[in-house]
Amino acid sequence: MRHFFRALKWILFTLLFIPVGGYLILLLINLQDSAPSAQASAFLEQVNAEEAALSQHLENNPYLYAMGFDAPKDDDPMAVGLERYQALKQLGVLDRPKKTVDEKFELPEWAISNCLKQEGYLDECAPLFAEPETLKATLDDYAWLIERYRTLLSLGHWQDDTHFNPYRSMVSFKHLAAARQLYLVNAYFNGTDPASLITAIDTDMQFWQQAAERINMLSNKFLAISALKQNMKLGELLVSQKRTEDEDTQIPSLWLQSTSEEVLSLKRVKRGEWHFLTKVNQSFEAGEDASITAKIAEAMLMPLLQQQDTSNRYADILTGKANIKPCPDNFSLSTLKEYGYNPMGKFILCSGIPSFESYQTTANKLESLRAELVTRLTAPAISEGMVIEANDEKPRESSLE
């Protein structure tokens, strides 16, 4: 029996020593964080430059105007947007804001929003233009919103930064989309000259192209991409309707130009996502209301997260210098060696960051949609020209006989 208890003592000692000893070894390995890499330093320098630029561009900035665009009719969108931005700056990246009620204008309810959602939207929307009184009444009711959107398009260059909080709403896409519909349909019905519609489409397209080139936040980047898609979808409907009245209606000039690489590029938003993850890693804290278990877990795991090393690795992933590695599914010796240093950071990178391939694919579709649109609008003219040419050739063939 004495030998049994001695064996049990050593077994228990070994079982306790292995995890405790292993943890102490990990602590020794992770005593020092990595130095900032050249790419991480470059990212941080660019992030700071964007924040400084925004702080100096708080007037006539379409980004701030867009942040407050959904404000009620009698409120100033720029003032509301600046107030929201200042409140956002006071929040940490994971802070939950105090519950507030932000009043917003009511979205217009009109049939054109519904018919544009249909697959055959050109045919579905056509009857609305045959009896346009209801559309014109909505335009009259929301003349103030059309003017608000026109003001947005007239402002200078878009300037935002990478300050983001997932719990606070940013730019309201649906309110901007509703205003765009009103603005373009109004140009169709109430333009000052036959070219007013084409000018309005080009103006809207140019604004969102320039915004897309300068945006630093992923959500806002795809707001701009969606705005460009909407411009072409609604624009095609309006141009097609205008051509039934005037066959000489031109195609907006920006539709005829290939989408620039800067519009489609995700370089800026990748840098923004790098900054977001860096801030998240710096903000891990259990909080006062956390359970004792959560606090113990935090105290044990945080020394195993090397913030700068994680930042360096993520910068390399975003610039293509490294690939996202899948998380290990076993604890082999090679895995223990690989994850000995900064194990928490490496697990975050293999499990908690998005792949930008799907985002890039979505952005790239914009160019194919533009090309398809131009083909649809120009194909009838090409076909008609071929028919005329064929008819001109037939008499010559018969005369030869």
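In this predicted model, Cys 327 is partly exposed, because its relative accessible area is 29%. Its bonding partner is Cys 350, and the two sulfur atoms of this disulfide lie 1.8 Å apart. The bridge brings together distant parts of the chain, with 23 residues separating the two cysteines in sequence. Cys 327 sits in the loop between helix 15 (307–318) and helix 16 (333–338), whereas Cys 350 belongs to helix 17 (residues 343–351). Unlike its partly exposed partner, Cys 350 counts as buried, because its relative accessibility is 16% and the limit for a buried residue is under 20%. The torsion about the S-S bond of Cys 327 and Cys 350 is about 95 degrees, so this disulfide is right-handed.

The count of disulfides comes to two, and the other one joins Cys 115 to Cys 125, with 1.9 Å between the sulfur atoms. Here, too, the link is right-handed, with 105 degrees about the S-S bond. Cys 115 lies in helix 5 (residues 111–115) and Cys 125 in helix 6 (residues 121–130), so the bond ties together parts that are 10 residues apart in sequence. Both ends of this bridge are buried: Cys 115 has a relative accessibility of 7%, and Cys 125 has a relative accessible area of 0%. With the bonded cysteines numbered in sequence order, the pairing reads 1-2, 3-4.

Attention now turns to the packing of helices. Helix 9 (residues 173–190) and helix 11 (residues 218–245) pack with their axes 10 Å apart, at an angle of about 20 degrees. The two helices are therefore roughly parallel to each other, a label that applies to angles under 35 degrees. Helix 9 passes helix 11 in a right-handed crossing. On the side of helix 9, the contact is made by Phe 173, Leu 176, Ala 177, Arg 180, Gln 181, Leu 184, Val 185 and Tyr 188. Helix 11 contributes Leu 223, Ser 226, Ala 227, Gln 230, Asn 231, Leu 234, Leu 238, Gln 241, Lys 242 and Glu 245. Sorted by class, the residues of this contact comprise 10 nonpolar, five polar and three charged.

A second helix pair has another arrangement. The axes of helix 2 (residues 38–55) and helix 13 (residues 267–282) come within 10 Å and cross at roughly 100 degrees. Helix 2 and helix 13 are therefore roughly perpendicular to each other, since this label covers angles from 65 to 115 degrees. From helix 2, the residues taking part are Ala 40, Phe 43, Leu 44, Gln 46, Val 47, Glu 50 and Glu 51, and they meet Arg 268, Arg 271, Trp 274 and His 275 of helix 13. The residues of this contact divide into five nonpolar, two polar and four charged.

Helix 2 also holds Gln 39. This residue is buried, because its relative accessible area is 17%. Leaving aside residues up to four places away in sequence, Gln 39 touches Ala 315, Asp 316, Thr 319 and Lys 321.

Beyond helix 2, the loop between helix 2 and helix 3 (62–67) contains Asn 60. Its phi is near 55 degrees, a positive value in a residue other than glycine. Asn 342 likewise is not a glycine and has a positive phi of about 55 degrees. This asparagine is placed in the loop between helix 16 and helix 17. Asn 342 is buried, because its relative accessible area is 0%.

One further residue, Gln 206, lies in helix 10 (residues 196–214). With a relative accessibility of 42%, Gln 206 counts as partly exposed. Along the chain, Gln 206 and Leu 228 are 22 residues apart, while their C-alpha atoms are separated by 9.1 Å. Leu 228 falls within the residue range of helix 11, 218–245.

Note on methods. Residues numbered from 1 in each chain as written. Predicted model: local features only at pLDDT ≥ 70, side-chain atom pairs only at ≥ 80, totals over all residues. Heavy atoms only, no water. Axes fitted to C-alpha atoms, helices over the stretch in contact; angles between N-to-C directions. Helix = DSSP H or I, 4+ residues; strand = E, 2+ residues; numbered from the N terminus. Parallel < 35°, antiparallel > 145°, perpendicular 65-115°, else oblique. Contact = heavy atoms within 4.5 Å. Nonpolar A, V, L, I, M, F, W, Y, C, P; charged D, E, K, R; others polar. Buried < 20%, exposed > 50% of the residue type's maximum accessible area, 1.4 Å probe, protein only. Disulfide = S-S within 2.5 Å. Left-handed = near helix turned anticlockwise from the far one by under 90°.
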